[in-house]
Amino acid sequence: MAESVTATAPVDDVVEDRLPVIDLSRWGDGEPARRAIAARIGAACRVHGFFYASGHGIDAALIARLETSSRVFFALPREEKMRIAMAHGGRAWRGYFAVGDELTSGVPDRKEGLYLGTELPPQHPLVRAGTPVHGPNLFPSVEGFRATVLDYIDAVTALGHRLMAAIALSLDLAEDYFARRYTADPLILFRIFNYPAPHHSSVGSWGVGEHTDYGLLTMLLQDDHGGLEVKSNGRWIDAPPISGTFVCNIGDMLDRMTRGLYRSNPHRVRPSARHDRLSFPLFFDPNFFARVAPIEELAHVKLDDDRATRWDQASVHAFDGTYGDYLLAKISKVFPQLSRQAL
């Protein structure tokens, strides 16, 4: 029964003031090893909704190429970056946005970025049908950028499948529970963000304000300058960079599926006082057309709806519709003018 797992998974190494580091390197060593990893992930999801993943196996050289190429891109003149502005991406919702263009709770973020995702050609049926957030990427004319980004998306997507299998085990579900229902063809959205140091920008006081992520799982690569903060158990704690790890957190849809047992906790980014900061979140989400429902095996879990204390005063449990419906309602508030034109 799911109750036995959710009640007894170890929490001794999950403390209130810091996120646990969970080593995935033994995932392939058999079921006992997988269940031990899953139990630690489950405990982290109950206490914080966040954890670090180490031993993930993603090539360090690929990560280095991504960071180098991204710094080259953000160092380009504004007019060069605007050649691939999101306005040119249309319904695919891809491309560059400048500092201050993206809003969180109506307040401009102090960041610029590049929206990317699964590469779909114009002739793909979903693209031909005009499906929002599906389509070709807009790539800058930086040598090796396209190949590096697509290789990175593939590698981290594979990690997402592995982590969702672990999350399923942590709930005493079959490893393929999420794959069979939601993520055989996941919606993959990838962002590259640059948070300029305050002396480079007068926009806002936060790199990004308090928010939660929308989908199932976010896997974040951060550079070594820090600034990520997580709200856990009512107070803010730092999530500093740890070499060789990803910061992983669950999103609103997993909160909904688990009846609040696994919490989609808020987070924010404080800009570095002296350095520009790069971050690379990849969002591993349900298929755009999937209707996201509570997990039947968790029907015994009392619903824990945090609407009254959530950053947006909204209930993820009251929502009814497809994941695409939920996503479009959210992103329409992030780029309101662009969404009216494109979506």
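Two strands are said to pair if DSSP finds at least two bridges between them. With that criterion in mind, this tour goes through a predicted model.

**First stop: an edge of the sheet.** Select strand 3 and strand 6, the latter covering residues 112–117. Three bridges join these two strands, and their directions are antiparallel. To see one bridge, display Tyr-96, whose partner in strand 6 is Leu-114.

**Second stop: the whole sheet.** Now select the eight strands of the open sheet, which follow the order 1-2-12-9-14-7-6-3 with mixed pairing. At its edges are strand 1 (21–23) and strand 3 (95–97), each of which pairs on one side only. From one strand to the next, the twist averages 25°.

**Third stop: a helix on the sheet.** Add helix 2, residues 31–47, which packs on the sheet. Helix 2 touches strand 1, strand 2 (50–54) and strand 12 (246–250), and its direction makes about 160° with that of strand 1.

**Fourth stop: Ser-272.** Move to the loop between strand 13 (267–269) and strand 14 (277–285), and select Ser-272 there. Is Ser-272 buried or exposed? Ser-272 counts as buried because its relative accessibility is 11%, and the cut-off for buried is under 20%. Its side chain reaches the backbone nitrogen of Arg-274 at 3.3 Å. A polar atom of that side chain also lies 3.1 Å from the backbone nitrogen of His-275. Beyond its neighbours within four places in sequence, Ser-272 is in contact with Ala-197 and Pro-198.

**Fifth stop: the largest pocket.** The largest pocket holds about 670 Å³ of space. Its lining has 39 residues; to centre the view, select Glu-102, His-211, Thr-212, Asp-213 and Tyr-214, the closest to the pocket centre. Which element supplies the largest share of the lining? Helix 9 does, with six residues; in sequence, helix 9 spans 323–334. Other elements that each supply at least two lining residues include strand 4 (103–104), strand 7 (187–195), strand 8 (208–211) and strand 9 (217–222). Strand 12, strand 13 and strand 14 belong to that group as well.

**Last stop: Asp-154.** Select helix 6, residues 145–170, and find Asp-154 within it. Asp-154 is exposed because its relative accessible area is 54%, where exposed means over 50%. Finally, draw a C-alpha to C-alpha distance from Asp-154 to Ile-188: the two are 34 residues apart in sequence and 9.7 Å apart in space.

Notes:
Residues numbered from 1 in each chain as written. Predicted model: local features only at pLDDT ≥ 70, side-chain atom pairs only at ≥ 80, totals over all residues. Heavy atoms only, no water. Helix = DSSP H or I, 4+ residues; strand = E, 2+ residues; numbered from the N terminus. Axes fitted to C-alpha atoms, helices over the stretch in contact; angles between N-to-C directions. Contact = heavy atoms within 4.5 Å. Buried < 20%, exposed > 50% of the residue type's maximum accessible area, 1.4 Å probe, protein only. Polar contact = N/O pair within 3.5 Å; in protein donor to acceptor, adjacent residues only side chain to side chain. 1 Å grid on protein atoms, 1.4 Å probe; cavity = no way out; pocket = protein on both sides within 12 Å on 5 of 7 lines; lining within 4 Å. Points joined across faces, edges and corners; volume = space filled by probe spheres on them.
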